[in-house]
Amino acid sequence: MWRASVITIFPEMFPGPLGASLAGKARDKGFWALDPVDLRDHALDRHRTVDDTPAGGGPGMVMKADVLARAIDTVAGEGDLRPRILLSPAGVPLTQARVRALASGPGLIAICGRFEGVDERAIAARGLEEISIGDYVLSGGELAAMVLIDACVRLIPGVMGKAESAAEESFAHGLLEYPHYTRPQIWEDHAIPEVLLSGDHGKVAAWRQEQAESRTRARRPDLWARYLAVLGRKATEG
Ligand code: SAH
């Protein structure tokens with residue numbers, strides 16, 4: 001079973017939103033398991049200290065390497081092949097490709113930072129993969145871990161109703177998804193685009209492709225440039 005262990009000083013935040021809706025139902029059905037681990041349980045002193053002041057001075061606190069490493073070593077026993085992921089604004093931006101790879105593996109171990117961050121030596125010594133969920137700063141890694149786990153869980157085979165809904169959605173082919181419409185046919189004087197009511201599947205597919213391309217070009221020039229580069233490469237490879 002796909003298994004997510006989450007090392008955090010706020011285990012009570014979990015499952016939170018991961019216990020509801022698609023992810024929650026999938027967990028109830030045994031498609032995946034969630035194991036929140038209280039970092040403080042791995043502190044050795046009476047006060048269960050997990051942080052200390054930054055070397056070199058400056059504001060805030062830093063999560064201690066020894067406590068974090070002890071927690072990781074306990075959670076990841078021998079033979080545990082799950083990637084160890086530190087949620088961090090300084091990490092590699094999360095992509096759907098990374099999510100797909102993680103979803104097809106055994107699960108993950110997520111480490112949630114708090115305060116100013118984590119002692120760099122623990123990151124190196126335990127081979128942590130640093131992942132960012134975007135160019136903004138959260139107050140802790142817990143919400144980021146939930147984002148990561150939610151994105152993975154919905155791709156576990158059998159979790160989503162229709163296999164094709166994952167095949168078509170945004171990023172699946174390097175483009176944003178086309179726009180969606182449903183009844184009523186006329187709403188506040190706005191009609192559903194006629195082609196969608198034509199019953200001509202070829203025309204509908206062509207229209208959706210064109211929409212996906214034009215919105216990607218307009219909204220995400222970065223994705224568009226990458227898409228064109230991949231198309232170009234495919235063309236020259238024949
Ligand atoms: N001083 C740090 C920010 C610490 S925020 C810096 O400037 O880089 C506290 C914790 O929140 C981080 O350790 C990390 O675990 C989490 N976090 C904040 N923003 C994040 C983001 N964009 N993606 C993933 N995790 C994030």
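Angles between helix axes are classed as roughly parallel under 35 degrees, roughly antiparallel over 145, roughly perpendicular from 65 to 115, and oblique for the rest. The model is predicted, with local features requiring pLDDT of at least 70 and side-chain atom pairs pLDDT 80 or more, whereas totals for chains, interfaces and linings use all residues. Residues are numbered from 1 along each chain as its sequence is written, and side-chain values use heavy atoms, without hydrogens or water.

Helix α3 (residues 96-103) packs against helix α5 (residues 141-153) at an angle of about 70°, the axes lying 8 Å apart; α3 and α5 are therefore roughly perpendicular to each other. At this crossing, Val99, Leu102 and Ala103 of α3 meet Leu148, Ala151 and Cys152 of α5 (contact meaning heavy atoms within 4.5 Å). The contact of α3 with α5 comprises 6 nonpolar residues, with no polar and no charged ones.

In the largest nonpolar core (buried Ala, Val, Leu, Ile, Met, Phe, Trp, Tyr and Cys residues joined through side-chain atoms within 4.5 Å; buried denotes under 20% relative accessible area with a 1.4 Å probe, protein chains only), Trp2, Trp32, Leu108, Ile149 and Val153 touch the most other members among 30 residues. Helix α5 provides the largest share of this core, 8 residues. Apart from this core lies another, of 21 residues, including Ala71, Ile72, Ile111 and Ala122.

In helix α2 (residues 65-75), the buried residues are Ala65, Val67, Leu68, Ala69, Ala71, Ile72 and Val75. The elements covering the buried residues of α2 include strands β1 (2-8), β2 (32-38), β4 (62-63), β5 (84-93) and β6 (107-112), together with helix α4 (120-125).

Notes: Buried < 20%, exposed > 50% of the residue type's maximum accessible area, 1.4 Å probe, protein only. Helix = DSSP H or I, 4+ residues; strand = E, 2+ residues; numbered from the N terminus. Axes fitted to C-alpha atoms, helices over the stretch in contact; angles between N-to-C directions. Nonpolar A, V, L, I, M, F, W, Y, C, P; charged D, E, K, R; others polar.
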